[in-house]
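Let's walk through this structure together, one piece at a time. Have the viewer ready and follow along as we go.

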Amino acid sequence: MKYALITGASRGLGRAISVKLATLGYHILINYAGNTAAAEETLQEVRQAGSDGDLMPFDVANAEQTRTAIEAWQDAHDGEYIEVLVNNAGIRRDTLLSLMPAADWARVLSITLDGFYNVTQPLLMPMQFHKFGRIINMASVSGLRGLPGQTNYSAAKGGLIAATKALAQEVAKKNITVNAIAPGFIKTDMTEGLDEAALSKTIPAGRFGTPEEVAAAVAFLISPQAGYITGNVLSINGGLYT
């Protein structure tokens, strides 16, 4: 059985990615921090897509919670391993830096960067032992160009991009690829409240993207055909930033 762990999988991009990977035959490990009802909806969609999955509740920013959950799964699945990891968990706390509470700075960076370390690190040795792995880190156009009002989010996603490039070089000889995807404006709950009509005018493609378009890119990057692609950042933004 092939296992894929998607963090922040109870909604939005995480849910779409879970469903897409389910169609490819992966058993989906659905991580979420607290919304069990939404995570169960993701699980139902995974099953409707022809596969199955398990709920894995833990806060990726909490090192002890994360390690306990992953080690419990590993102990219960002797001889098996998680071959695909999608580090998707993230939040926005937008405001000008001059007005930003310290807690908003810390929480955004912790979920993205500490979360990347906490989840990825214990999965690397099994991937290296089996000489195969696929790691996808969900970055953002904000991490490439920087956006005003998102200094914390830009810092987090920019750091994730740098970590992607570094880790890719560490594990490439073990047939493990590490890539990032940098979405622009995608129609999810993360973009609710934004003026879609006005913002679409700034996008060459003239529209917001869909979660399914991002999920399709993940599906390609974890495929055998993408085995020579690593350390890259794939922008999915309709031409907003090139």
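Just past the end of helix α1, G25 adopts a positive phi of about 95°. Keep in mind as you look that this is a predicted model. Helix α1 itself covers residues 12-23. Its 12 residues reach 17 Å from the first C-alpha to the last, close to the 16 Å expected at 1.5 Å a residue. Within α1, the buried residues are L13, G14, R15, A16, I17, S18, L21 and A22.

G25 is a glycine, but two other positive phi values belong to residues that are not. Most residues other than glycine have a negative phi. K131, which is not a glycine, nevertheless has a positive phi of about 55°. You will find K131 in the loop between α4 and β5. With a relative accessible area of 53%, K131 is exposed, because the cut-off for that class is over 50%. The other case is N175, also not a glycine, with a positive phi of about 65°. N175 sits in the loop between α6 and β6, and its relative accessibility of 34% makes it partly exposed.

Now for the helix that ends at this second loop. Helix α6 runs over residues 151-171. At 1.5 Å a residue its 21 residues should span 30 Å, and its end C-alpha atoms are indeed 30 Å apart. Which residues of α6 are buried? They are N152, Y153, S154, A156, K157, L160, I161, T164, L167, A168 and V171. These buried residues pack against α4, β5 (133-138), α5 (141-145), β6 (176-183) and β7 (233-236).

Let's take the α4 partner first. Two packed helices are described by the angle between their axes and the distance between the axes. For α4 (residues 102-130) and α6, the axes come within 8 Å and cross at roughly 15°. Angles under 35 degrees count as roughly parallel, and α4 and α6 are therefore roughly parallel to each other. The crossing in which α4 passes α6 is right-handed. On the α4 side, the contact is made by D104, W105, V108, L109, T112, L113, F116, T120, L124 and Q128. On the α6 side, the contributors are T151, N152, Y153, A155, A156, K157, G159, L160, A163, L167 and V171. Sorted by character, the residues of this contact are 13 nonpolar, 6 polar and 2 charged.

Helix α4 has another neighbour to look at, helix α3 (residues 63-76). Here the axes come within 9 Å and cross at roughly 30°, so α3 and α4 are also roughly parallel to each other. The crossing of α3 and α4 is right-handed. A63, T66, R67, I70 and Q74 of α3 meet N118, V119, Q121, P122, L123 and P126 of α4. This contact of α3 with α4 divides into 6 nonpolar residues, 4 polar and 1 charged.

To finish, turn to a strand. P57 is found in strand β3, which covers residues 53-57. Is P57 buried, exposed or partly exposed? At 48% relative accessibility, P57 counts as partly exposed. Leaving aside residues up to four places away in sequence, P57 touches N31 and Y32. P57 and R11 are 46 residues apart in sequence, and their C-alpha atoms are 14 Å apart in space.

How values were computed. Residues are numbered from 1 along each chain as its sequence is written. This is a predicted model: local features need pLDDT of at least 70, side-chain atom pairs count only at pLDDT 80 or more; totals for chains, interfaces and linings use all residues. Side-chain values use heavy atoms; hydrogens and water are left out. Axes are lines fitted to C-alpha atoms, for helices over the stretch in contact, and angles run from 0 to 180 degrees between N-to-C directions. Helices (H or I, at least four residues) and strands (E, at least two) are DSSP runs, numbered from the N terminus. Angles under 35 degrees count as roughly parallel, over 145 as roughly antiparallel, 65 to 115 as roughly perpendicular and the rest as oblique. A crossing is left-handed if the near helix is turned anticlockwise from the far one by less than a right angle, and right-handed if clockwise. Contact means heavy atoms within 4.5 Å. Ala, Val, Leu, Ile, Met, Phe, Trp, Tyr, Cys and Pro count as nonpolar, Asp, Glu, Lys and Arg as charged, and the others, Gly among them, as polar. The expected span of a helix is 1.5 Å times one less than its number of residues. Buried means under 20% relative accessible area, exposed over 50%, partly exposed in between (1.4 Å probe, protein chains only).
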